[in-house]
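Let's take a walk through a protein model together, one stop at a time. Keep the picture open beside you as you read.

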Amino acid sequence: MNSQPTFAHALLNPELPCPSGFKTWNGSDPAQRFAVYRNNVMVSLIDALADSYPVVQALVGEEFFRAMARVFAMAHPPRSPVMAYYGHDFAEFVQTFPPVATVPYLADVARLEMARVWSYHAADVPPLALEAVQAALADPAQLIRLQLTLHPSVHVIPSTFAVFALWAAHQGETDMATVDPDQPQTALVFRHALEVNTLELSSGVAQFVSALQAEKTLPEAASAALELAPEFDLTQALTLLLRWQLITHLTTGDPHDDPTH
Amino acid sequence: MSHPIPTTPPAAPAPTLPARAGVGLKPEHFQTILQTRPDIGFFEIHAENYMVPGGPFHHYLTRIREHYALSVHGVGLSIGADAPLDMNHLNALQRLLDKYQPQSFSEHLAWSTHNDVFLNDLLPAPYTPATLQRVCEHIDQTQTHLKRRMLLENPATYVEFAESTMDEASFISEVLRRTGCGLLLDVNNVHVSCTNHGRDAQAYIRALPLAQVAEIHLAGFAQATDTNGDPLLIDSHGAPVAQAVWDLYAHTLALTGPVATLLERDNDIPPWPVLLAEAQMADRQLLALTHPEEALA
C-alpha cells in the first residue's frame, strides 16, 4: 500500500525504506527509482539555499555548505510554494549548528544575505519628493511629532561581528585577509533603482534608522541615536535617507494633519 | 462511469497563445529581452516565482508583457494531492492572473504538498478512480475560482503504482473530458516517462485527446540507468532538447497541427542567444506547417 503521507515522509527521511506499492516494467528495483525523487527534492532545496546564501557558502566552502544545507533541509522543509524566501530561518539554524561554532559570525552573514532577498522582492513604494521632506523639516510645529516611514526594502542588520566587511570581502571589493571579524558592525540593506545595496552604518545612524522603523518620531529617533553615539549627526543621517530615496511617507502623528495627503 | 457535463464552462472565448515558439522567462535575460525585443511567440513564467510583493521581477515582467504574449505555469498548486487545495495559493494565483492577464494558465498532473510542507517536486499519483475523482474536483475548483480554463500537463515519472487501474493516457483523457480543461502536452515528459516505463511514446501520444492540446513543452533530460541497466531518464530541464524529443515533436505536430511550443530551461541556463536559437528550431517546424513555402525558402 502506498499513500502520500508515506511517500512524503520517506522523501525527507533517507534512512526510511522505499515505500511499497511501486511496480517497474522490467522488474528493476523501485527503490533506485524512488531515490530519483529523493534526490530531486533534496538537490532543489540545497540549490535554493545556495542561491540565497552565496557568501555563507563561500565562507565555509561549497562541500561543507551543501552538507549543512542538507541537514537544514531535512529538518526544515519549505512551508510555502513560494521558494524565494525558503531558508529565511537558516541563520537561526546556523547559530546553533555545532560544526560551525568556530565560525561565530556565520549566522549574522546569513541574516544579511536573507535581508538582501527580502529587499530584492519588497513592495514597490514611490519615494517622497525631496521638497515635501524639506518642508516638514523646516516647520518646527511639524518637526516635533514628525514620523518618517522608510521604504519596505530597508533592513538594518546589527552584529557583534564585522558583518558588512565579511560580506563586502566576497563582492570583489576588499580582501578577506584584511577583515577583522570581531569588529562590531551594522549593515543597511535597501533597494534603489532595482538594485539591492548594502552599506555599513555607524552605530548612531543604525540606531536612528531602527528607531524610525519602530515608529518613533524623528526627535525621539535622533535622541536615541545621540544617547548611543554622541557623535551622531542628524543632517548626515537624513542626507543618507534622502540620497537613496528611502523615505516614502511623512506623518505628524495626527491623522487629520498629514502633510503628504 | 457517467459524469455530468463540466460544471465550469470556461468564461468568454479564452485568449490563446500564438502557435509559435516561446521561451521560459529567466531573470538573467530580462534586460536582453527588453533591449533586443527578439521575435518570440510568447514567454512563460513559473507563477510562484512572481508571488512576491514587488521589485525587479514585477518591474521587468510588466514591461515584457507589454510586448509579448504570456503563459503562467504553476508548479505549486498540488492538484494531485489527497488534501484540499490551498485557498491562499489559489487566491495568490488569481491576483497574479488579474495583474498580468496571460493568454494561458497551466498546472501539473502531480502533487507537491503534504500537510503544510511543500516538497518542491512534482510527485506521481496512482491512476485510480479515487485519484481521478480528486483531480477532477481540484481542476473544477481551480477553473471556477480563476474563472478560466486551465491546461493540465502530463507528468514525467520514475515509478508506477501497482494499484493503478488506468493507463496514463486514458486517465488524462478522462480528466479532460470531465473537467473541460485543456492539455499541455510535454513531449519531453512523454519521452522520459515512456522510456522509463517501457512504453511506445508515439502510441501514448495517439491515445491522448489531441484536439485539446493548447500548448507543447520541449525540454532536455539527464540520463541514468536503472538496476537492470535500462535507461532511466530524468526530467532535468538542464540540457538542450534531445534529438529523440525533436523527432517526437515532429510526429506530434503532424497530428495536432501548429501549437504554441515552449522551450523549457530551468537549470544550467545558457546565454540568451542559445535559447533563442533553440526556440527558432521549433519555430521553423511550426512555420513549415502553417506556411510551407516560406519554411522551404
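Begin in chain B of this predicted model, where two helices cross. Helix 6, covering residues 187–196, packs against helix 8, covering residues 243–256, at an angle of about 115°, and their axes are 9 Å apart. The crossing that helix 6 of chain B makes with helix 8 of chain B is right-handed.

Which residues meet at this crossing? From helix 6 of chain B come Val187(B), Asn188(B), Val190(B) and His191(B), while helix 8 of chain B brings Ala244(B), Val245(B), Leu248(B), Tyr249(B) and Thr252(B). Sorted by class, this contact holds six nonpolar residues, three polar ones and no charged ones. When you look at the spacing of such residues, a general rule helps: an α-helix has 3.6 residues a turn, so residues three or four places apart point the same way.

Now stay with helix 6 of chain B and look around it. Why is this helix largely enclosed by the rest of the structure? Eight of the ten residues of helix 6 of chain B are buried, so the helix is largely enclosed. To find the buried residues, look for Val187(B), Asn188(B), Asn189(B), Val190(B), His191(B), Val192(B), Ser193(B) and Asn196(B). What do they pack against? Their partners, in chain B, are strand 9 (182–186), helix 7 (201–206), strand 10 (213–218), strand 12 and helix 8. Just after helix 6 of chain B you reach Gly198(B), which has a positive phi of about 65°.

Next, step back to see how the two chains touch. Here 38 residues of chain B are in contact with 40 residues of chain A. On the chain B side, at least two residues each are supplied by helix 2 (56–65), strand 5 (111–114), strand 6 (117–123), strand 8 (160–161) and strand 12 (231–234). Strand 6 of chain B gives the largest share, six residues. By class, the residues on this side of chain B divide into 18 nonpolar, twelve polar and eight charged.

The chains are also linked strand to strand. Strand 1 of chain A, residues 22–23, runs antiparallel to strand 8 of chain B, and two bridges join them. If you zoom in on Phe22(A), you will find that its bridge partner in strand 8 of chain B is Phe161(B).

Finish the tour in chain A, which is divided into domain 1 (1–103) and domain 2 (123–261). Taken over C-alpha atoms, the centres of these two domains of chain A are separated by 38 Å.

Conventions
Residues numbered from 1 in each chain as written. Chains lettered and ligands numbered in written order. Predicted model: local features only at pLDDT ≥ 70, side-chain atom pairs only at ≥ 80, totals over all residues. Axes fitted to C-alpha atoms, helices over the stretch in contact; angles between N-to-C directions. Helix = DSSP H or I, 4+ residues; strand = E, 2+ residues; numbered from the N terminus. Left-handed = near helix turned anticlockwise from the far one by under 90°. Contact = placed C-beta atoms within 7 Å. Nonpolar A, V, L, I, M, F, W, Y, C, P; charged D, E, K, R; others polar. Pairing = 2+ DSSP bridges. Domains from an automatic or database assignment. Buried ≥ 20, exposed ≤ 12 C-beta atoms within 10 Å, placed from the backbone.
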